[in-house]
Amino acid sequence: MLELQNVSYLVDDTEDGNQKEIIKNVSLTIDNGFVAITGPNGGGKSTLAKIIAGIITPTEGRILFNGEDITDLSITERAKKGITFAFQQPVRFKGLTVKDLLTIAAGKSVSLTEVCGYLSEVGLCAKDYIDREVNASLSGGELKRIEIAMAIARKTPLTLFDEPEAGIDLWSFQNLIHVFENIHEHAGGSIIIISHQERILNIADRIIVIANGEIKDSGTKDEVLPKLLAGAAPSPVSIQENALGCPTLLDKMS
Amino acid sequence: MAAELNAIQKTLLENIADLHEVPTGAYNIRSNGGMLGRNTTANIDIVTKTDKPGIDIIIKPGTKNQSVHIPVIITQTGLKEMVYNEFFIGEDSDVVIVAGCGIHNAGDEGSEHSGIHTFHVGKNAKVKYVEKHYGMGEGTGERVMNPSTEIYLEEGAHLEMETIQIEGINSTERKTYAKVEKDASIVIKEKIMTHDFQVATTDFKAELVGENSSADIVSRSVAKNKSKQTFKSNIIGSNACKGHSECDAIIMDEAIVEAIPELTAANIDASLIHEAAIGKIAGEQLIKLMTLGLTEEEAEAQIINGFLK
């Protein structure tokens, strides 16, 4: 359904005047199911997601979605073709309410019951949030859940989540996984999740490891995860307990 | 006196007072410098001033949950008027007052309405005051409105003012003054959008003279094209009081926005705050809405509508 062909992204390095390759000749095909992308910070994961969503235009290569070349399509056109991108850092809007955003996301007028459904899936009590402005009064975790609720409202064939677990402190992973399953069940297609969380990698049908702008490893979770956890090839990885006792793959791959 | 409304008058009334028909309760509709309709009730009297153009609105003490509509509409090109409306709001009452002015100018001469509203709000009375300004019409004549509002709040009184100007006014200079006594409070919410070559100046002044008095002034505005906005606010605290003013503007195209906040504290227990922010629509807001399927123009419209909602 999604195919990247020799995608590269170069930027001018202001410090030394040379060009820096953020994404280096990446080719990959993603079919139905859960795909997890992991790898160190600064390795190019989020850039790749932005390239797929149309926010960043690659300097080389083509992107195909359901066989159609979408490389030159705008963000809006890609969204309309069925690509959703849940940001790592959600955006605040003065004046727009949670209901406004969910209505825009759904692309139609939505009933109160539907809005409540989206919010309860991300563990928010609808009556407390529906008319809240998506502004600075909401915490990072609340914004993140609303960002995920928007992806649920869209239910498109391809959904990209950039570190969906970040900032969602006390929300069980089981719920987050249920959200992925629910989107998959309703919309079919693929869910691409950028994550460092072992528990999310654990549900993936396929894991892609990206470091230094390149694909370092790719395969089923049974093939890739043991290597990541063992710190063997492709690069050393360690596990550390975070504040809530969730094991996190640290960004020590190089 | 019952009022008969034509289509243009109905459109103007809908835009400035959300009225689809002649309102229930007390009202006075002024049209092209004359009276189009008036209704008084047992508790609310409306009397034409004898010394100058305008009306006195007298609300008996203890009047609760009643409303007064006093819209002004102008459809005659070249009409210029200055109107004095004075409100006497009795103690312990709780009322909603809807004013506003709509100009439809189909001609090439300027139409202008200057309204001077004075509020005397009695002890412990609560007032919600809504004022909307709206202009339309295919003529080249300018549509000008200069509303002045003076508010005197007695002990324990509360007034909330909502002032909205969304489109169609070429030039506006709005002045609002409030004197706030002990335990009294004022809240002002302003929303303005200007476009093309429009000019809008806002000048708020609040004197917090009583102990435990407060003022909260919040302005949100959008300046498009080559329009120019000026926001001035001055909160003077001469007793133990709380004052807050906030100006938040979205600037677009080649517009100019000026924010001039002033705070004067003349008492050690006066706590005064001002916040001002002027900026364009954040790129990430546009991108987020575009990833939800909106075009850039649709995203911009959503952001502005939400901001001014």
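**Stop 1: the largest nonpolar core.** Start by selecting A:Ala36, A:Ile52, A:Leu101, A:Leu102, A:Ala149 and A:Met150: of the 90 residues in the largest nonpolar core of this predicted model, these touch the most other members. Now add helix H6 of chain A, residues 140-154, which supplies the largest share of this core, eight residues.

Next, centre the view on A:Leu102. Which residues does A:Leu102 contact, leaving aside its neighbours within four places in sequence? Show A:Val110, A:Val115, A:Tyr118, A:Ala149, A:Met150 and A:Ala153, and you have them.

Before moving on, select B:Tyr27, B:Ile169, B:Ile188 and B:Phe204. They are among the members of a second, separate core, made of 57 residues.

**Stop 2: chain A as a whole.** Switch to a cartoon view of chain A and look for its nine helices and 12 strands. Of the 254 residues in this chain, 42% are buried. How do the contacts run along chain A? Taking contacts between residues at least 6 apart in sequence, 67% join residues at least 24 apart.

**Stop 3: where the chains meet.** Colour the two chains separately and go to the place where they touch. Here 16 residues of chain B are in contact with 20 residues of chain A. On the chain B side, pick out helix H2 (283-291) and helix H3 (296-307), the elements that each give two or more residues to the side touching chain A. Which of them gives the most? That is H2(B), with seven residues. Colouring by residue type, you will find that the chain B side divides into seven nonpolar, six polar and three charged residues.

This is also a good place to check the predictor's own scores. The complex has an ipTM of 0.89 and a pTM of 0.85. For chain B, the mean pLDDT is 93, and 99% of residues reach 70 or more.

**Stop 4: the helix H1 of chain B.** Finally, select residues 7-17 of chain B, helix H1, and highlight its buried residues: B:Gln9, B:Leu12, B:Leu13, B:Asn15, B:Ile16 and B:Ala17. Why do they lie on the same side of H1(B)? Because they cover an arc of only 165 degrees around the axis.

To see what those buried residues pack against, show five pieces of chain B:

- strand E1 (26-31)
- strand E5 (64-69)
- strand E6 (72-74)
- strand E8 (94-104)
- strand E10 (126-136)

Then step just past the helix to B:Asp18, which follows H1(B) and has a positive phi, near 55 degrees.

Conventions:
Residues numbered from 1 in each chain as written. Chains lettered and ligands numbered in written order. Predicted model: local features only at pLDDT ≥ 70, side-chain atom pairs only at ≥ 80, totals over all residues. Core = buried A, V, L, I, M, F, W, Y, C linked by C-beta atoms within 7 Å. Buried ≥ 20, exposed ≤ 12 C-beta atoms within 10 Å, placed from the backbone. Helix = DSSP H or I, 4+ residues; strand = E, 2+ residues; numbered from the N terminus. Contact = placed C-beta atoms within 7 Å. Nonpolar A, V, L, I, M, F, W, Y, C, P; charged D, E, K, R; others polar. pLDDT = per-residue confidence, 0-100. Arc of directions from axis to C-beta.
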